[in-house]
Structure formats: structure tokens, C-alpha cells
Amino acid sequence: MQSPIVSVQAQPRDAASWTALARRAEAGGYDALLAGDHPGTAASPFVALAAAAAVTERLGVGSYVSHAGVREPLLLASDVATLDLVSGGRARLALGAGHTPAEWEMLGGQRPDVAARVRRFQAVAEACRALLAGETVTLDGPEARAREARLTRPLPVRGDVPFTFGGGNTALLRWAGAHADVVGLSGLGRTLPDGHTHEARWKAEDIDRQIDLIEQGAAGRSTAPAREALVQMVEITDDAEAAAHRIAGQLNCSPADVLASPYAWVGTAREITAALDGHRRRWGITRYVVRESHLDTVDRLRAHFPDGGGAAVTERGQKAMNNSRA
């Protein structure tokens with residue numbers, strides 16, 4: 001088994017701990033540092049990630065994920081291109097269709113219906129990628145508008161910024177199969193009435209269905225998109241069944257669903273490693289995003305991966321990791 005690729009999602013609390021986290025993630029062999037994009041309730045991801053890029057050399061940096069419903073293509077492309085410039089070619093573009101009504105309302109709008117959000121996502125994603133590739137874009141709505149928009153400077157350092165789709169909409173999973181480099185699955189279903197929480201889609205048949213949609217979209221492509229899962233829970237325990245029963249009670253699924261799911265890493269290190277191999281074989285999931293709150297536990301788990309999690313931790317890197325925990 002080859003070790004999965006693991007990235008870290010986090011939000012800055014202050015400058016010192018944020019830059020320490022970036023150094024720790026790089027020293028530990030993580031693939032990228034990712035920041036959520038929720039205007040009004042979270043830090044600007046591109047400002048924060050530029051600071052992280054300044055203290056690292058290899059670590060990927062990107063939003064996870066930007067909100068296509070409220071982000072304008074030219075402004076988003078400019079942010080991504082600038083991040084790619086200051087990071088020396090390490091930026092990623094990640095987009096979702098958006099779901100939280102408040103994020104539209106604070107900008108003087110109203111959350112569109114699902115079909116309109118899908119159309120808006122496609123328009124923004126295609127326009128943003130075209131702009132990053134140096135093309136001129138004109139859009140004539142109704143979901144998005146642009147008139148001969150062009151990103152003259154800066155252009156990305158790389159010719160092709162990696163693109164991740166994050167979400168679970170049926171039409172967009174097919175679209176992502178055809179267009180994305182990475183498809184990020186979160187286990188989140190329909191948005192509940194509070195506008196923030198979601199139904200859980202952790203059952204194996206739900207994931208089977210989503211993977212089938214990605215593969216339908218990828219038919220005819222020489223290389224299908226990589227599959228990635230957002231890890232919601234991490235728990236090292238000798239009693240995985242008890243932990244799974246507790247988690248299942250919160251999510252309206254079975255303990256077996258929890259133990260098989262890519263969204264929860266539960267059990268002994270050996271059991272979790274075996275489960276990750278099962279995710280790869282059944283669903284082709286080779287990438288994961290873990291949250292900063294789980295990082296100490298994930299560090300311990302990755303030491304049990306076949307190649308130590310891909311980390312080549314130097315003495316200097318170990319010091320950075322230790323300092324970030326202080």
C-alpha cells in the first residue's frame with residue numbers, strides 16, 4: 001500500500017501560530033495547507049496563505065473551498081494567480097457551489113435555488129480557469145457576467161493551476177469528473193434549515209453513487225480526477241466498535257458505515273491503515289484533508305503508514321514541529 005496524500009485545513013488565530021503551523025505541515029511531509037473561504041466569519045484565505053507561503057518552500061497552499069456563489073471570476077483568478085506568484089508556483093484553485101444563506105444575504109442577495117447555484121458554479125469555474133490560462137472571458141449571465149475580462153498580470157507561475165471541486169451535487173460531480181484535477185468529497189448532504197449544518201451521507205452506497213457519477217463524467221478522459229475525502233473525526237482507540245456506535249448515533253447511520261467511511265479515522269493505527277487501503281481499493285480515494293484540531297493524532301497515525309506518511313522529517317523540521325505544539 002502506498003501512503004495516501006494528506007493535507008491540513010486550518011484557520012489562523014494569530015500570526016505566530018499560523019506560521020508555525022505552516023512550518024510544521026511542511027516539515028511533517030503534508031501536501032498542502034488549506035484555508036476555508038467564508039467571508040464574514042473566517043479569515044481571508046489568500047492573505048493567510050500568502051503569509052504561510054512566505055515561511056515555507058514546498059508546501060502547497062489553497063482555499064478549501066472558495067464560494068463560487070459570491071466570488072467573481074476575475075477577482076478570484078487574480079487572488080489565485082497572486083498566491084501562485086508569491087508562493088513560487090504552489091497555489092491551488094478549489095471551488096464549491098456554496099450553501100450558507102447568510103453568505104449571500106450579507107452581500108445584499110439571496111441564496112439561489114440548486115439549479116441556479118449549479119449554473120453559477122460552472123460559469124465561475126470555467127471562467128476562472130480560462131483567466132488563469134491567459135484567455136479573455138465574456139459572460140452574459142444571468143448567473144455571471146464579465147466583459148472581455150483578462151488577467152494581464154500577474155499570471156500564475158505554472159501554466160496549469162491544479163483545480164479541486166468540493167461538493168456533492170449530482171450534476172456537479174459529473175461535471176467535475178470531466179473537468180477537475182481533484183474531486184473532494186465531504187460526506188455532507190442537503191443543507192438543513194439552520195443554513196449551516198447538513199445531512200450526513202456516510203453510507204457506503206452514498207459514496208458508491210458519488211464515485212459512479214465522477215466516473216461517468218470522466219469517461220473519455222485519459223486521466224480521471226483524483227479522489228479526496230475531508231476527514232471529520234480522528235480517534236485512535238482499542239474499542240473502535242464503541243466509538244463507531246457513538247458517532248453513528250449522531251449521524252443517523254450504522255456503526256459499520258462509520259468504520260468503513262473515509263470521513264472518520266477510528267480504531268487502532270493498524271485498523272485505520274487497513275481502512276484507508278479499503279477506501280483506495282473500493283473508491284479510489286488516495287488523498288485526505290484533515291483539520292488542525294486532529295493534527296497531533298494524525299501525526300502519530302502517519303508514522304504507521306508504509307513509508308511513514310511520506311514525511312522526510314529533518315532535525316530542523318522536527319524542531320519546527322515541536323515548536324508548533326508548544
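In this predicted model, Leu 95 touches Val 65, Ser 66, Ala 68 and Leu 76, along with Phe 121, Val 124 and Ala 125, once residues up to four places away in sequence are set aside. The remaining partners of Leu 95 form a run in the numbering: Phe 163, Thr 164, Phe 165 and Gly 166.

Leu 95 is also one of the residues with the most contacts inside the largest nonpolar core, a group that further holds Leu 33, Leu 93, Phe 121, Leu 132 and Trp 265. That core has 80 residues. Helix α5, spanning residues 114–132, gives the most to this core, with 9 residues. Another core lies apart from it and has 5 residues, among them Ala 32, Leu 34, Leu 230 and Val 289.

The two cores are listed below.

| Nonpolar core | Residues | Members, including |
|---|---|---|
| Largest core | 80 residues | Leu 33, Leu 93, Leu 95, Phe 121, Leu 132, Trp 265 |
| Another core | 5 residues | Ala 32, Leu 34, Leu 230, Val 289 |

Trp 265, named above for its contacts in the largest core, also lines the largest cavity. A search of the whole structure finds 1 cavity of 30 Å³ or more, and the space in the largest cavity is about 40 Å³. Besides Trp 265, its lining consists of Val 258, Leu 259, Ser 261, Ala 264, Val 266, Ile 272, Ala 275, Leu 276 and His 279. Two or more lining residues come from each of α9 (255–260), β14 (264–267) and α10 (269–283). The largest share, 4 residues, belongs to α10. By type, the lining has 8 nonpolar and 2 polar residues, and no charged ones.

Helix α11 covers residues 295–302, and 6 of its 8 residues are buried, so the helix is largely enclosed by the rest of the structure. The buried positions are Leu 295, Thr 297, Val 298, Asp 299, Leu 301 and Arg 302.

A further buried residue sits in a loop. Thr 56 lies between α2 (45–54) and β3 (60–63). Its relative accessible area is 7%, which is why Thr 56 counts as buried, the cut-off being under 20%. A polar atom of the Thr 56 side chain is 3.0 Å from the backbone oxygen of Ala 52. Beyond its neighbours within four places in sequence, Thr 56 is in contact with Ala 22, Arg 23, Glu 26 and Arg 90.

Notes
Residues are numbered from 1 along each chain as its sequence is written. This is a predicted model: local features need pLDDT of at least 70, side-chain atom pairs count only at pLDDT 80 or more; totals for chains, interfaces and linings use all residues. Side-chain values use heavy atoms; hydrogens and water are left out. Buried means under 20% relative accessible area, exposed over 50%, partly exposed in between (1.4 Å probe, protein chains only). A polar contact is a pair of N or O atoms within 3.5 Å; within protein, one must be able to donate a hydrogen and the other to accept it, and residues adjacent in sequence count only if both atoms are side-chain atoms. Contact means heavy atoms within 4.5 Å. On a 1 Å grid over the protein atoms alone, a cavity is a set of points where a 1.4 Å probe fits but cannot get out, and a pocket is an open set with protein on both sides within 12 Å along at least five of seven lines; lining residues have an atom within 4 Å of a point. Grid points are joined across faces, edges and corners, and a volume is the space filled by probe spheres set on the points. Ala, Val, Leu, Ile, Met, Phe, Trp, Tyr, Cys and Pro count as nonpolar, Asp, Glu, Lys and Arg as charged, and the others, Gly among them, as polar. A nonpolar core is a set of buried Ala, Val, Leu, Ile, Met, Phe, Trp, Tyr and Cys residues joined through side-chain atoms within 4.5 Å.
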